[in-house]
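Colleague: Before I prepare this model for further calculation, I should like a close look at one part of it. Please take a single strand as the starting point and work outward to its surroundings.

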Amino acid sequence: MNFVPHVVAWNLTRRCNLECAHCYIAAGPRESAVSELETAQCLRIVDDLVALNPAPLLILSGGEPLLRDDLTDIARYASQRGATVVVGTNGTLLTDGRIAALGRARVRGVAVSVDSLRRSYHDNFRHGAGSLAATQAALGRLRAARLDFIIQTTVTKGNRGELERLVGWAADEGAVAFNCYFLVATGRGAALSDLAPAEYERVLADLARWERGYRGRMLVRAKCAPHFMRHVHRTDPDSPVLNYETRCPCGTQYCRITPDGKVTPCPYLPEVAGDLATQSFTEIWRSSPLFRRLREGTLGGKCGACEYRKLCGGCRARAFALAGDVLAADPSCAYEPTGAVPVIERMREVTYGAEFTPALVWSDAARARIERIPSFVRGVVMKRVEDYARRQGRREVTPELLAEVRGALPVDFSQRKPFFVTDG
């Protein structure tokens, strides 16, 4: 398998105007910029990243990334070099001016955190009075600026009962996706109690049902819970969720950069694969023993015996947090494999992150357009385009055909931006 860093999450800072109870990086108002990478170092890392993958999806986050004065400089430079850039924020600092600056820097979307529609819960969880009202006001500004946004919620015992309401609210607000995060016991999140495995199953079943219900309007996804794939496989084998080929993508298609330049397999797995102060991104990605173990190692415990181990494989960050081993079984999963069922292989001929060999003729202009979208979704997009073309009796893909596809397919081909929205 050709391992490519399709998606890179970059925690640019530990500084934050809030101090959320679950923060995996333990960000907050008392942090300083002393150990942060300087702008020139960040741009050098961007150069190295796009030399390895010319079209990555780059998630600029924090802490609160809007506290970095050079956020738009980094975003603009990465966009110019071929990356698709999105920003993850708590939403409270998204003024009209900041949103306009993000747009000028060619940021394609913003992920905003909302953990409850109850002011008391959200504000207390995030340790910021008025934060829910400020974030909700920012969503109106994002809509006015026509900048796509995702709503992100971390499910806990405290907000489990309103999760369905949150999903519906996110759709009504115009979100292109609702991401439900499951707690990983790292950073300040280590002090919180997680849902029991049986409750995980109930939440994942709900998310699978809502994914079907909102399809074509808003994506609904589970994050840090690959066993979502098992639920979708059982209840909805035609779901686009199954375009993912997982086990957990950390270290195989995905990694994280810390504010001081360390590279880890994902934001929730703090084990260091390398240091960008002394190594290139390419060297770390290709040669890190930790990454090699994630790619080549055998899963332990019931994850290793499960028929869903190729489709799911469990969360590697949660295994590390609770068992100290990136290949251990995910203790949040209640499913018990029987050993009597054959291993379930990937569900799609072409999955996210996979390369696609065109069978039709692509005009130069169409090829140039498709090369501007993130490598993570490109293969799936190209296959869908060619399938559509064949149904229409067409033998060449042109910009005009791409425009037809954009109008004919649902929300994973955005009606507002270049013709896609990523799932990752």
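**Strand E6 and its surroundings**

Modeller: The model is a predicted one, and strand E6 is a suitable place to begin. E5, helix H6 (residues 163-173) and E6 form a β-α-β unit that is right-handed. From E6 the chain continues through helix H7 (residues 197-213) to E7, and this β-α-β crossover is right-handed.

The strand pairs with both of these partners. Strand E5 (residues 148-155) is joined to E6 by 6 bridges in the parallel sense, and within this pairing Thr-154 stands opposite Tyr-181 of E6. Strand E7 (residues 219-223) is likewise parallel to E6, over 5 bridges; here Phe-178 stands opposite Val-220 in E7.

How many of the residues of strand E6 are buried? In E6 (residues 177-182), 6 of the 6 residues are buried, so the strand is largely enclosed by the rest of the structure. In a regular strand, side chains alternate between the two faces of the sheet. In E6, Ala-177, Asn-179 and Tyr-181 point one way, Phe-178, Cys-180 and Phe-182 point the other way, and all are buried.

These pairings belong to a wider assembly. The open sheet has 10 strands with mixed pairing, in the order E7-E6-E5-E4-E3-E2-E1-E8-E9-E10. Its edge strands are E7 and strand E10 (274-275), each of which pairs on one side only. Further along the order, E1 and E2 pair in the parallel sense over 5 bridges, and the bridge partner of Asn-11 in E2 is Ser-61.

The backbone departs from common geometry at several places in the loops. Most residues other than glycine have a negative phi, and most peptide bonds are trans. Cys-224 lies in the loop between E7 and helix H8 (228-235); its phi is near 60 degrees, a positive value in a residue other than glycine. Ala-26, in the loop between strand E1 (7-11) and helix H1 (39-52), has a positive phi of about 55 degrees although it is not a glycine. With a relative accessibility of 29%, Ala-26 counts as partly exposed. A cis peptide bond, with omega of about 10 degrees, joins Gly-62 and Gly-63. Gly-63 is placed in the loop between strand E2 (57-61) and helix H2 (71-80).

Cys-224 leads to the matter of the cysteines. Why is there no bond between the sulfur of Cys-315 and the closest cysteine sulfur? The closest is that of Cys-224, at 5.3 Å, which is too far for a bond, given that a disulfide requires the two sulfur atoms to be within 2.5 Å. Cys-315 is buried, its relative accessible area being 3%. By the distance rule, the count for the structure comes to 0 disulfides. Cys-303 accordingly is in no disulfide, and the nearest cysteine sulfur, that of Cys-312, is 6.4 Å away. Cys-303 has a relative accessibility of 9% and therefore counts as buried.

Cys-303 and Cys-312 also appear together at an internal void. The structure holds 4 cavities of 30 Å³ or more, and the second largest cavity has a volume of about 130 Å³. Its lining comprises 14 residues, of which Cys-303, Cys-306, Cys-312, Cys-333 and Tyr-335 lie nearest its centre. By class, the lining of this second largest cavity consists of 7 nonpolar, 3 polar and 4 charged residues.

The open pockets complete the survey. The largest pocket has a volume of about 490 Å³. It is lined by 27 residues, and those closest to its centre are His-6, Gly-353, Ala-354, Glu-355 and Phe-356. Helix H13 (364-370) and helix H14 (375-391) are the elements that give two or more residues to this lining. The largest share, 4 residues, comes from H14. Sorted by class, the lining of the largest pocket has 12 nonpolar, 9 polar and 6 charged residues.

Methods
Residues are numbered from 1 along each chain as its sequence is written. This is a predicted model: local features need pLDDT of at least 70, side-chain atom pairs count only at pLDDT 80 or more; totals for chains, interfaces and linings use all residues. Side-chain values use heavy atoms; hydrogens and water are left out. Buried means under 20% relative accessible area, exposed over 50%, partly exposed in between (1.4 Å probe, protein chains only). Two strands pair if DSSP finds at least two bridges between them. A crossover is right-handed if, with the strands pointing away from the viewer, the path from the first strand over the helix to the second runs clockwise. On a 1 Å grid over the protein atoms alone, a cavity is a set of points where a 1.4 Å probe fits but cannot get out, and a pocket is an open set with protein on both sides within 12 Å along at least five of seven lines; lining residues have an atom within 4 Å of a point. Grid points are joined across faces, edges and corners, and a volume is the space filled by probe spheres set on the points. Ala, Val, Leu, Ile, Met, Phe, Trp, Tyr, Cys and Pro count as nonpolar, Asp, Glu, Lys and Arg as charged, and the others, Gly among them, as polar.
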